Amino acid sequence: MNILSYLQRIGRALMVPVATLPAAAILVGVGYWIDPTGWGANNALAALLLTSGNAILTNMGMLFAVGIAYGMSKDKDGAAALAGLIGFIVVMKLCSPEAVSMIKSIPVEEVPKAFSKIDNQFIGILVGVLSAELYNRYNNVELPQALSFFSGRRLVPILNSFLMILVSFILMFVWPVVYDWLVAFGESIMGLGSTGAGLYAFFNRLLIPVGLHHALNSVFWFDVAGINDIPNFLGGQKSIEAGTAVIGTTGRYQAGFFPIMMFGLPGAALAIYHCARPENKAKVAGLMMAGAFAAFFTGITEPLEFSFMFVAPVLYFLHAVMTGISVYIAAAMHWIAGFGFSAGFVDMLLSSRNPLAVHWYMLIPQGLVFFCLYYVVFRFTIKKFNLMTPGREMPVAGQAGDDNVSIAKKDNNSGVSIQEEAHQYIAVVGGTDNLTNIDSCITRLRLSVKDSGVVSERLVKRLGASGVIRLNKQSVQIIVGTRAELIASAMKEVLAQGNTVEAMTETSQADESIPAKKESPQKSEAILTLIAPMSGELVKLEDVPDEAFSSKLVGEGIAIKPSSNTVFSPISGTVVKVFDTNHAVCIEADNGAEVIVHIGIDTVTLNGRGFERLIEEGVRVQAGEPILKLDLDYLNVHAKSIISPIVISNIDDYSGVIIMAQGQVIAKESNLFQVLK
């Protein structure tokens with residue numbers, strides 16, 4: 001397993017303890033509303049709520065250890081969580097200043113300050129990872145008969161207690177060095193004041209795609225390096241009295257996120273909607289409205305961010321820059337609000353009576369400015385560079401022109417059960433034969449598969465997902481929104497019951513995905529004839545080794561196994577799309593028929609190798625004009641298949657097609673098929 005995949009596993013396991021933060025935020029926030037000055041001293045209910053919320057916040061290190069141990073265990077067993085808890089307790093006891101003093105035979109006053117800060121999220125992550133690895137390796141060990149009671153899962157917590165003795169010994173020498181580095185890093189950012197806050201926010205956004213922003217957050221939001229921004233803010237008057245909080249400064253690593261999450265990203269969503277193709281706007285509106293609502297009220301931004309993060313990286317970079325600017329402005333102007341979970345309306349409302357929330361209402365006009373800024377910047381950039389944000393892509397399967405695919409979308413009203421939806425998600429990722437592990441975080445299904453190339457992004461999007469991220473050949477993430485955990489649980493139940501789910505190839509063929517609009521050739525008029533774009537052997541579309549093409553979700557037509565190196569335009573028309581990897585070209589005929597020439601199967605993974613583009617988007621081509629140059633020797637070795645479909649993607653607008661050729665065809669000379677009116 002490569003390092004990125006492993007870090008992704010840690011990232012998704014972190015979602016378990018992080019998910020407890022909303023509870024802490026609500027408890028503390030409501031407690032403040034009841035007793036904003038006494039912080040529980042004047043009201044018993046406020047004291048109860050505030051104490052309960054802080055019980056979570058002050059034990060985040062332990063929660064990280066338990067949550068990661070559980071989340072990274074191969075079967076999500078409670079014994080792994082217990083091992084994480086025991087491991088953390090052992091490390092905390094052995095690395096306490098008193099224990100270090102006795103073990104090293106030095107006065108407690110000479111113990112490095114690092115050991116008074118050992119109870120933190122970094123150590124929690126370390127203990128959780130080691131506990132999970134120990135569990136995954138030794139949970140099936142069988143001991144001799146006399147010790148059989150301690151076999152298997154019972155053995156792991158015992159082994160972990162001994163392992164943590166070794167870990168504690170190492171930490172006695174390593175932790176002060178690591179701690180000093182983290183403190184130096186935090187102090188260097190703090191020394192930059194509001195500029196440092198802006199830099200932190202910029203990198204916070206940039207690290208989200210790989211899930212490592214939590215590590216950065218722990219330095220600034222919690223007590224790893226002495227900054228402790230969130231607990232100090234939530235401590236309110238008590239933090240002020242204790243000297244750990246400064247009015248107008250504490251909360252600066254949080255405040256500027258409110259204008260972005262509540263206003264900026266909804267502005268981006270509106271821009272993406274306005275830039276969508278007219279026929280796609282209804283679908284894009286639902287996706288963008290749901291994402292904007294989640295961002296505004298709860299501060300959960302992943303559904304929106306992942307809708308453009310990978311299809312238009314330049315937009316995501318601009319988003320990170322504008323986030324940094326927003327946090328800088330709020331910190332510089334001392335407009336402060338804080339949160340326990342994320343920068344949404346709920347957290348802003350709950351923090352408004354906190355004495356550390358200074359001029360928090362100014363974040364609202366700042367947010368309105370950023371709403372306009374995001375809208376203008378996103379719309380200009382999308383139009384200027386023709387970025388393929390949601391709704392602007394060509395109408396292939398899973399997008400416009402594919403309304404008749406009979407798989408349930410998550411936002412429909414058809415009454416489809418979560419179990420049926422789980423079956424469908426398993427099917428579109430290649431069936432039970434391809435699926436090896438299921439996990440989730442707040443908005444993502446995190447799946448381990450045998451071959452990520454089998455996962456159909458087009459069919460996944462038809463289920464209502466925002467997109468697919470292929471981390472490597474065995475790791476796939478599907479952005480489904482806040483229902484991710486429900487869907488993942490249902491998928492696990494399907495597998496646990498031993499049910500076999502076939503890949504969507506068979507399922508989609510059984511469905512009537514394309515309406516039977518074809519009429520007899522004698523009654524329909526041929527309005528377009530396609531010539532062979534390359535020489536080679538004809539292959540029926542049903543025999544193409546790709547479920548989207550073989551099930552005719554992409555469109556109707558035929559395929560060729562090419563034997564010539566030049567690809568010619570099969571029609572006269574306008575080139576509307578050449579994929580960045582040059583493996584596919586979309587051409588629109590004068591009568592509106594949209595033709596896709598797709599060279600090979602899964603050739604997008606070759607990143608353009610084996611292809612040479614001969615035309616550009618927006619130009620007009622004549623039938624028989626060269627459009628691509630192929631390196632067939634390279635493609636025959638490296639491509640999954642060189643069978644190349646030629647299809648009409650908007651076939652629903654026509655009666656059907658009539659195939660005219662058989663066997664071998666010659667480029668520019670053979671007629672492939674006709675499109676019927």
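**Entry 1: the loop between β11 and β12**

I started with D602, which lies in the loop between β11 (594–598) and β12. This is a predicted model, so I keep that in mind for everything below. I looked up the backbone of D602 and found phi near 60°, a positive value in a residue other than glycine. Most residues other than glycine have a negative phi, so I went looking for other cases.

N607 turned up in the loop between β11 and β12 too. Its phi is positive as well, about 55°, and N607 is not a glycine either. Is N607 buried or exposed? I get a relative accessible area of 55% for N607, so it counts as exposed.

**Entry 2: following β12 into its sheet**

From the loop I moved on to β12. I find an open sheet of three strands here, in the order β8-β14-β12, with antiparallel pairing. The edges are β8 (566–568) and β12 (611–613); each has a single partner strand, so one side of each is left without a neighbour in the sheet. I also noted the twist: neighbouring strands of this sheet are turned by 25° against each other on average, direction ignored.

How many bridges pair β12 with β14? I count three bridges, in the antiparallel sense, with β14 covering residues 626–630. For the register I wrote down E612, which stands opposite K629 in β14.

**Entry 3: the other three-stranded sheet**

Next I looked at the open sheet with the order β5-β18-β16, three strands with antiparallel pairing. Here β5 (526–531) and β16 (656–659) take the edges, each with a single partner strand, so each has one side left without a neighbour in the sheet. Neighbouring strands of this sheet are turned by 25° against each other on average, direction ignored.

I checked the pairing of β16 with β18 (residues 671–676): they run antiparallel and are joined by four bridges. The pair I noted for the register is G656, opposite L676 in β18.

**Entry 4: β7 and its partners**

I then asked how much of strand β7 (residues 556–562) is buried. Six of its seven residues are, so β7 is largely enclosed by the rest of the structure.

Which strands pair with β7? One of them is β6 (residues 536–539), antiparallel over four bridges. In that pairing I see E537 opposite K561 in β7. β15 (residues 644–648) is joined to β7 by five bridges, and these two run antiparallel as well. There, A559 stands opposite P645 in β15.

**Entry 5: α18 against α20**

Over to the helices. I looked up how α18 (residues 418–428) meets α20 (residues 484–496): they pack at an angle of about 80°, with their axes 8 Å apart. An angle of 65 to 115 degrees counts as roughly perpendicular, and therefore α18 and α20 are roughly perpendicular to each other.

On the α18 side I listed I418, Q419, E421, A422, H423, Y425 and I426; on the α20 side, L486, I487, A490, M491, E493, V494 and L495. Sorted by class, this contact has 10 nonpolar, two polar and two charged residues.

**Entry 6: α6**

Which residues of α6 (residues 97–104) are buried? I find A99, V100 and S101. Their cover includes α5 (78–94) and α8 (155–191). Right after α6 comes S105, and its phi is positive, near 55°.

**Entry 7: Q254**

I wanted one residue in a loop to look at closely, and picked Q254, between α11 (229–242) and α12 (257–275). Buried or exposed? Q254 is buried, with a relative accessible area of 0%.

What does Q254 touch? Leaving out residues up to four places away in sequence, I get W221, D229, I230, F233, A337, G338 and F339. I worked out the spacing to F339: 85 residues apart in sequence, 7.1 Å apart in space, C-alpha to C-alpha.

**Entry 8: whole-chain numbers**

Last, the totals. I have 23 helices and 18 strands for the protein. Of its 677 residues, 56% count as buried. The exposed surface is about 27,900 Å², and carbon and sulfur atoms supply 60% of it. Among contacts between residues at least 6 apart in sequence, 74% join residues at least 24 apart.

Definitions and conventions. Residues numbered from 1 in each chain as written. Predicted model: local features only at pLDDT ≥ 70, side-chain atom pairs only at ≥ 80, totals over all residues. Heavy atoms only, no water. Buried < 20%, exposed > 50% of the residue type's maximum accessible area, 1.4 Å probe, protein only. Contact = heavy atoms within 4.5 Å. Areas by Shrake-Rupley, 256 points an atom, 1.4 Å probe, with all protein chains shown as cover. Axes fitted to C-alpha atoms, helices over the stretch in contact; angles between N-to-C directions. Parallel < 35°, antiparallel > 145°, perpendicular 65-115°, else oblique. Nonpolar A, V, L, I, M, F, W, Y, C, P; charged D, E, K, R; others polar. Pairing = 2+ DSSP bridges.
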